[in-house]
Every structure is written in structure tokens, then in C-alpha cells.
Amino acid sequence: MSMASDVMHCYFCGSQKVKLSLSQRTILFGGEEYRFIFCQGCRGFSLFPTLTDSQLFDLYSSDYVDQDQGEPSASEDTSAVKFSDLKEYLRKQIGMQGKVFLDYGCGANPVSFQLARENGFLPRGMELSADVRELAALNTGVKLLSREDIRGGSELFDVIFLGDVLEHLVDPVYELKFLRTKLAEGGTLLAQGPLQGAMTLTHLMVRLFAWATRGKVTSYPPYHVSLASSISMKRLLETSGFQLTHIKTFEVDWPAPSLAEVRRHFTPRNLTLFVTKKIDKLLAAILPRYGTRYFLSCSPNTAL
């Protein structure tokens, strides 16, 4: 599942042309310090040292599901808004009655199951932790699969969806190559998530603050082990044997405070984040490939 290694390498493209980043906060986790490294090729950030499988399982247990992590996946508006691009994509598919839709890393309350059913798909879901699978089964009535179930089974999937998943994987290339073998002929892989490696005005401010206070460490768990840009996402897909068919990048309010929060807790930092995020949203409406979220579709590269 993971490629644990003491060698610094980029999670997106595998390059070892990387350097420790001073613009990302050092993380204290499990008594050890972790740093982000920056890839000079695809411009993505990867956590070093690599987390082990046992650490990943602990991170994404039911405790992770139950709490509000303050991540993009937990802090955006509503589920309906968050999955609007998936809803639109599925709505446009014709003749999907009986086709199989897999939400890979679906969580305990997958909205995607309902969207799949509404458009004729048979929903399936995968979660790593048994306790999360049990919660999802209770909440949806759908039997959840483990990764081992999918690996050992013969079922193929017409659409595989990764919603805010790739940023949690220490070896996304390995995982995507595995999922490529589980796509039915003519199948499509969809993904959405944050672009925390994108160069936006808000990210620039956050990085400058981290650089200016680089002696400080954070004890917030490293739920996101990679920080992507649109360039690194494209490189990841190419390295994994996929060809990009569509990508949409856009801007969301996270992690900037709302105006009400700025008024309640007025600080120069909160005000700066609020203003820069508003500028970012204006720029995203004008500039292509600008923003801190993505939704993409891709298909296996048959030329490989």
C-alpha cells in the first residue's frame, strides 16, 4: 500500500530532485519531526519521512471521521456544494443503468452513493478501516469493501471516484496503477481535492508566515501528506498510466476566516487571509488553472 522510504522523493513523480521546504511548517507527530519536501520538477510537496501503514490506519480510523478536522473536506460549505461537480458529471452520462460506481475512500456518510443511484449506477464503496466501513454500512445500507476485497475480487468498475483521497496517500502512483487494473473497458477515473501546493495569493501569505516563523512546529496531525499543484496532479496521472481528459480548478473560502470570524477575532493575520482570499476568488474567475481545488476526469493511457 505504501512505499516507506528514507530516501527523499516526490510522491507525485518519483523524482529525487527535491529539497526541504522552509515555507511549510514542521510537524511533530508520534514523537518525531516531519518536514515537507519540494519537488523542483512538478512543484508538489511531499511529507518526509514517509508515514508507515500502521500510522495511516491510525490516522483514518473512526476517530478521524467523527471529528471536525478543519480540512478542506470538512470545512467547505455543504455536501451538496462539495459534490456538485461529481453530480454534474454523472448527470451527463448516458446509458449507465447497471454500471458500477466505486467511491474509493468514501468515508462514513458518502453522498456519492445517492448521486450514483440517481443516475442509474450501482454504488460500491471502499474504506481502509473496518470501523469506518461498519459506520458507512449502517448509514447507507451498502456493503463496504476493504482494499483487500477489491484486490482479491474479480469485479471491475465503470467509474472510480476519489474524493479528497489522493492527498492522504504516501504512494499515490502505486495506488492509481492498482486502480487502473480495476477499471472496466472504457472506464473513467474521477478525482477531486485540494491544491495546497498551488501558487495563489493566500498560499503565498501562509508560506511567508511559515518561513518567518520557521522555528515553530505544529502538533496538528499530518492528514495531508502531499500538497498538490495542477502541474503535479497532471504529472501524477501521467506517471500512473492515465491521460487527463478534463480538469477544473477553482477557489473556495477555506482556510480563510469569514467576515463574522474576522469581526469576532480581529487580528492582522485573520484580516490578511480574509482579504487575500477575496482577491483569489476574483482571480480564479478570470484566470484558467487558478485556484485551490480541482475536479478531474481521466482514462487509462492505451498507448502504454
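**Questions about buried residues**

Student: Which residue's side chain is joined to that of Asp164 by a polar contact of 2.6 Å?
Tutor: Happy to help! A polar contact is a pair of N or O atoms within 3.5 Å; within protein, one must be able to donate a hydrogen and the other to accept it, and residues adjacent in sequence count only if both atoms are side-chain atoms. Here the contact spans 2.6 Å, and the partner of Asp164 is Arg293.

Student: What kind of model is this, and how are residues numbered?
Tutor: This is a predicted model, in which local features need pLDDT of at least 70, side-chain atom pairs count only at pLDDT 80 or more, and totals for chains, interfaces and linings use all residues. Side-chain values use heavy atoms, with hydrogens and water left out, and residues are numbered along each chain as its sequence is written, from 1.

Student: Is Asp164 buried or exposed?
Tutor: Let's first find Asp164: the loop between strand S8 (157-163) and helix H9 (172-180) holds this residue. Helices (H or I, at least four residues) and strands (E, at least two) are DSSP runs, numbered from the N terminus. Buried means under 20% relative accessible area, exposed over 50%, and partly exposed in between (1.4 Å probe, protein chains only). Asp164 has a relative accessible area of 6%, so Asp164 is buried.

Student: Why do the buried residues of helix H5 line one face?
Tutor: In H5 (residues 84-92), the buried residues are Asp85, Leu86, Tyr89 and Leu90. They line one face because, seen down the axis of H5, they fall within an arc (that of the directions from the helix axis to the C-beta atoms) of 130°.

Student: Which exposed residues does the other face of H5 carry?
Tutor: On their side of H5, the buried residues pack against S8 and helix H6 (111-118), among others. The face turned away from that buried side carries the exposed residues Arg91 and Lys92.

Student: Within what arc do the buried residues of H6 fall?
Tutor: Ser112, Phe113, Leu115 and Ala116 are buried in H6. Looking down the axis of H6, these residues line one face of the helix, since they fall within an arc of 165°.

Student: Which residues is His203 in contact with, leaving aside its neighbours within four places in sequence?
Tutor: His203 sits in helix H10 (residues 201-212), and it counts as buried at 10% relative accessibility. Contact means heavy atoms within 4.5 Å. With those neighbours left aside, His203 is in contact with Leu195, Gln196, Gly197, Ala198 and Thr292.
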